[in-house]
Amino acid sequence: MATDYAFTGLEVLGTVAFAVSGAAVAARAGLDWLGVAVLAVVTAVGGGTLRDLLLGHPVTWLHDPWPVWLAFGVAILAIGWLYGGWLRARQLGTTVMFADAVGLSVFTVAGTEIAVAAGIRAPVAVLLGVVTGAGGGVVRDVLARQRPLVLVGEIYALAALSGATGYVLLWEVSAPPEVARWTGVAITLALRLAAVRWRWALPKLPTGRAEQARS
Amino acid sequence: MATDYAFTGLEVLGTVAFAVSGAAVAARAGLDWLGVAVLAVVTAVGGGTLRDLLLGHPVTWLHDPWPVWLAFGVAILAIGWLYGGWLRARQLGTTVMFADAVGLSVFTVAGTEIAVAAGIRAPVAVLLGVVTGAGGGVVRDVLARQRPLVLVGEIYALAALSGATGYVLLWEVSAPPEVARWTGVAITLALRLAAVRWRWALPKLPTGRAEQARS
Amino acid sequence: MATDYAFTGLEVLGTVAFAVSGAAVAARAGLDWLGVAVLAVVTAVGGGTLRDLLLGHPVTWLHDPWPVWLAFGVAILAIGWLYGGWLRARQLGTTVMFADAVGLSVFTVAGTEIAVAAGIRAPVAVLLGVVTGAGGGVVRDVLARQRPLVLVGEIYALAALSGATGYVLLWEVSAPPEVARWTGVAITLALRLAAVRWRWALPKLPTGRAEQARS
């Protein structure tokens with residue numbers, strides 16, 4: 001896939017988006033400059049690393065480390081924006097949510113595509129796509145000691161499952177790769193952003209309420 | 001081991017038990033329906049995935065995904081039970097404890113058996129069994145932001161170590177596989193349940209008390 | 001590298017140091033005896049395990065488990081010291097900080113050396129060294145539900161980056177391995193200890209302050 005520039009474009013977009021989300025979470029948590037860079041890089045490469053380990057593939061960034069340097073550059077820019085006042089502290093929550101949605105959408109589809117190409121059957125490829133898309137954010141949230149977004153609800157895992165399924169269905173009917181990819185990305189992103197905007201959520205279990213107040 | 005139905009029975013039991021524990025933790029934490037399913041699946045396959053990665057084996061569920069679908073089905077049933085009122089909110093704590101004990105017992109022995117079969121020497125195979133048995137619960141607790149059960153005490157790691165050691169000793173004297181397996185499971189389960197029932201615990205360090213109150 | 005006794009010396013030192021830090025964190029958290037041993041072992045082998053998984057190498061301790069037994073022995077000694085009164089509860093914080101700094105310094109250089117030997121290019125080898133050095137502590141802090149030291153600041157990741165870079169530069173100019181190693185270790189350890197002693201820190205972002213108070 002080395003010469004599939006369109007696929008690389010997908011990965012660049014996801015890397016930038018997750019790096020922004022990691023840097024914004026770090027900035028909210030009051031970390032220092034290097035902490036911001038560390039969390040940006042870990043978020044950006046975390047999902048893909050998990051996918052490579054599960055598939056038994058060589059970890060991509062060890063031999064082709066551009067996502068590391070790209071995420072590092074994004075962190076530097078994010079720090080500059082914050083100091084320059086172009087990005088205000090109270091916008092960080094929105095920044096995290098939006099950038100995370102873009103990263104989730106893109107990496108879910110990219111992970112599903114790589115799993116399908118590795119000969120994984122479609123339903124499992126969809127799951128591996130969701131693991132790839134959600135994985136970076138989970139690592140970010142565990143390290144920053146936040147509740148993982150994938151468990152907060154608001155149509156997070158469902159959006160990723162829908163986008164990955166859309167991609168796989170189009171791929172099964174031999175749609176052009178570009179159409180399948182961007183349709184999958186669009187489904188996930190639209191569902192996730194709509195859920196945040198209009199506070200869509202799956203029903204919570206009746207048991208949860210009392211316990212949640214207690215925790 | 002594809003035709004070893006008895007071994008598969010062990011894995012089915014462990015998968016169901018850990019899926020129940022993951023679903024119950026998620027229900028207590030007030031997650032939505034899909035969050036319950038996600039935590040059930042992750043708990044059920046987490047320990048085995050960690051074991052496969054450490055052993056350098058292909059990750060089982062990628063090519064033979066029945067544990068994923070089984071855990072998903074268990075989560076659906078658990079949600080139904082909660083809505084139907086067959087499982088009450090105040091029983092969730094007990095459910096987590098009991099299901100986790102069964103999963104721990106079964107996966108510890110299954111992990112030890114797989115490690116021995118992979119040529120790992122007995123003492124390290126015991127440790128890998130404990131990692132397999134405790135791993136799914138650790139992933140569950142870290143994601144749900146609970147204190148990992150393996151560190152809470154109450155004869156958790158000790159029960160797993162004892163069961164795995166029992167299995168290995170019987171295996172060394174060429175006991176029938178079924179006898180070795182179920183003896184190992186019974187040792188772990190009996191020790192763990194007795195510890196919870198009668199509040200057995202290893203001594204805590206004298207230093208811990210003041211610090212614990214503070215945290 | 002089986003006969004490179006000097007390299008093994010490096011690993012022994014790092015294993016002991018991280019085991020001490022894990023045992024001390026566990027003692028502070030009020031864990032029981034076996035919990036202290038579990039956290040000591042996990043901290044001591046965590047970083048190297050992560051490094052082996054990322055590199056696609058067999059996990060070292062599965063076939064050559066001395067670090068596991070060494071960390072276990074250290075935990076027993078630490079428990080004895082605490083009971084004997086040679087190590088007081090209020091010294092545990094200092095013990096964690098100092099032992100963690102030694103483990104970080106040694107494993108960062110050891111990880112960088114292994115990455116370079118595996119044919120990873122220098123800048124990525126430096127990153128993998130930092131992952132190795134910081135990894136055990138991250139696992140320890142996530143399990144014990146502490147804020148990961150690598151994100152607390154106080155020149156932690158920067159110290160590791162500097163030491164790994166020092167090692168790589170000396171290696172590039174064909175310095176004797178022993179000189180390169182111990183220079184790298186000394187750079188990391190000196191920077192980290194000086195940062196803790198004189199409260200050096202990289203600047204935090206302006207956004208962090210209000211948020212930090214809130215969390």
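**Exercises on a predicted three-fold interface**

Chain A can be laid on chain B with an RMSD of 0.0 Å, by a turn of 120° and a shift of 0.0 Å along the axis. The superposition is a least-squares fit on C-alpha atoms of residues with pLDDT of at least 70 in both copies.

This is a predicted model: local features need pLDDT of at least 70, side-chain atom pairs count only at pLDDT 80 or more, and totals for chains, interfaces and linings use all residues. Residues are numbered from 1 along each chain as its sequence is written, chains are lettered from A in the order in which they are written, and side-chain values use heavy atoms, without hydrogens and water.

**Exercise 1.** State which axis relates chain A and chain B.

*Solution.* Take the turn: 120°. Take the shift along the axis: 0.0 Å. That is the relation of a three-fold axis.

**Exercise 2.** Describe the interface of chain A and chain C by residues and area.

*Solution.* Count contacts (heavy atoms within 4.5 Å). 29 residues of chain A touch 31 residues of chain C. Next, take the buried area (accessible area, 1.4 Å probe, lost on being put together, summed over both). It is about 2,700 Å², 72% of it on carbon and sulfur atoms. Asp32(A), Leu34(A) and Leu62(A) supply 21% of the area that chain A buries there, more than any other three residues.

**Exercise 3.** Find the salt bridges across the interface of chain A and chain C.

*Solution.* Look for a side-chain nitrogen of Lys or Arg within 4 Å of a carboxyl oxygen of Asp or Glu. The rule finds zero salt bridges across this interface.

Technical notes:
Buried area = accessible area lost by both parts, 1.4 Å probe.
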